[in-house]
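The paragraphs that follow lead through one protein chain, from single residues to sheets and cores. Please keep the sequence and the three-dimensional view at hand while reading.

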Amino acid sequence: MSHNKDLHHIIPPWEELGLFDSGGDSCLWWGSRGAGTKLHQDSHGFNVVCQIYGKKEWTLAPPGSHGIKPTRCPYEPSTVWGRNINISDLEDALTIELVPGDMLIVPPGWWHSVISLTEAISVNIWSPCPPPSSHDSDATETEVATRILTKLCSEARLFPVPIVEEECELGSIEKLSQLIKRDKKISDESKVEKIEKDHRFFHALTHPSVIKEFLKAYKEL
Ligand SMILES: [Fe+2]
């Protein structure tokens, strides 16, 4: 790298794009060739990326793309990770190469994975403007509820470090209660089976339909 002192002249002033950085909202991404981020969605707003140095390959897919299973890591509110799919296998995936001077806008909810084709530097900002939609508000409520549920379960030592598995059929209060009852009966089963059940239990607890019921009950308090 050379010309480091010129970097800040290359980065566009966000205000000219109608974007607002309250201080600390922008990120600098500096990676070697091969560095990257796996398939995920950003949880809030939209992402504006400026390529400053080197080349990066971005692969994007629209929200609702078939075959992507969303999963969350507890206490990581900013990202929804995608599992069980290679994004480039999707029919509606787009692959683009960013070179210095390029700017990419990632719309809310779009899946994306990124890899540096060379040593590369980019700068981005996540912007909540235009004002947060109801989708964003719902997402925020869901994240908060998920974190509360996870913390409660963690403190109660209901399961060890959980790994989310997508099992849509577990997404109801009734099925969750059945699973909890079953879970109490398995203390003498093998450790592997117990861990698998813990994962399913955690997933059931953080399933959108459970979170919805949790929020509904919480708002009625
Ligand atoms: Fe992202």
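A residue is called buried here if 20 or more other C-beta atoms lie within 10 Å of its own, exposed if 12 or fewer do, and partly exposed in between. By that rule Glu91 is exposed, because 8 other C-beta atoms lie within 10 Å. Glu91 sits in the loop between β6 (79-83) and β7 (94-98), and although Glu91 and His66 are 25 residues apart in sequence, their C-alpha atoms are 9.1 Å apart in space.

Before going further, it should be said that this is a predicted model, and that the predictor's confidence is not even along the chain. The mean pLDDT of the chain is 74, with 66% of the residues at 70 or more. Confidence is highest in β7, at a mean of 94, and lowest in helix α3 (residues 173-184), at a mean of 61. Where pLDDT is low, the predicted coordinates should not be read in detail.

Taken as a whole, the chain holds 5 helices and 10 strands, and of its 221 residues 19% count as buried. If one considers the contacts between residues at least 6 apart in sequence, 88% of them join residues that are at least 24 apart.

The strands can be followed through their pairing, and β9 (residues 111-116) is a convenient place to begin. This strand is mostly covered, since 5 of its 6 residues are buried. Strand β2 (residues 36-42) pairs with β9 in the antiparallel sense over 3 bridges, and His40 stands opposite His112 of β9. Strand β4 (residues 56-61) also runs antiparallel to β9, and here 6 bridges join the two; Thr59 has Ser113 in β9 as its bridge partner.

Another set of strands forms an open sheet, in which 4 strands with antiparallel pairing follow the order β1-β10-β3-β8. Its edge strands are β1 (26-31) and β8 (103-106), each of which pairs on one side only. On average, neighbouring strands of this sheet are turned by 20° against each other when direction is ignored. Between β1 and strand β10 (residues 120-127) the antiparallel pairing extends over 6 bridges, and within it Trp30 has Ile121 of β10 as its bridge partner.

Two residues of this sheet may be set side by side. Met103 lies in strand β8 and is partly exposed, because 14 other C-beta atoms lie within 10 Å. Cys50 is found in strand β3 and counts as buried, because it has 21 C-beta neighbours inside 10 Å. Leaving aside residues up to four places away in sequence, Met103 touches Val48, Val49 and Cys50. Both residues also have distant parts of the sequence around them: Met103 and Ser122 are 19 residues apart in sequence and 9.5 Å apart in space, C-alpha to C-alpha, while the C-alpha atoms of Cys50 and Leu28, 22 residues apart along the chain, are separated by 9.7 Å.

Which residues touch the most other members of the largest nonpolar core? Of its 16 residues, these are Cys50, Ile52, Trp58, Leu60, Ala61, Ile87 and Trp111. Strands β3 (46-53), β4, β9 and β10 each supply at least two residues of this core. Apart from it lies another core, made of 6 residues that include Phe201, Leu205, Val210 and Ile211. In soluble globular proteins, nonpolar side chains tend to be buried together.

One member of the largest core, Ile87, can serve as a closing example. When residues up to four places away in sequence are not counted, Ile87 touches Leu39, Thr59, Ala61, Ala93, Trp111 and Ser113. Two of these residues, Thr59 and Ser113, have already appeared above as bridge partners, while Ala61 and Trp111 were named with Ile87 among the core residues that touch the most other members.

Methods: Residues numbered from 1 in each chain as written. Predicted model: local features only at pLDDT ≥ 70, side-chain atom pairs only at ≥ 80, totals over all residues. pLDDT = per-residue confidence, 0-100. Contact = placed C-beta atoms within 7 Å. Pairing = 2+ DSSP bridges. Axes fitted to C-alpha atoms, helices over the stretch in contact; angles between N-to-C directions. Core = buried A, V, L, I, M, F, W, Y, C linked by C-beta atoms within 7 Å.
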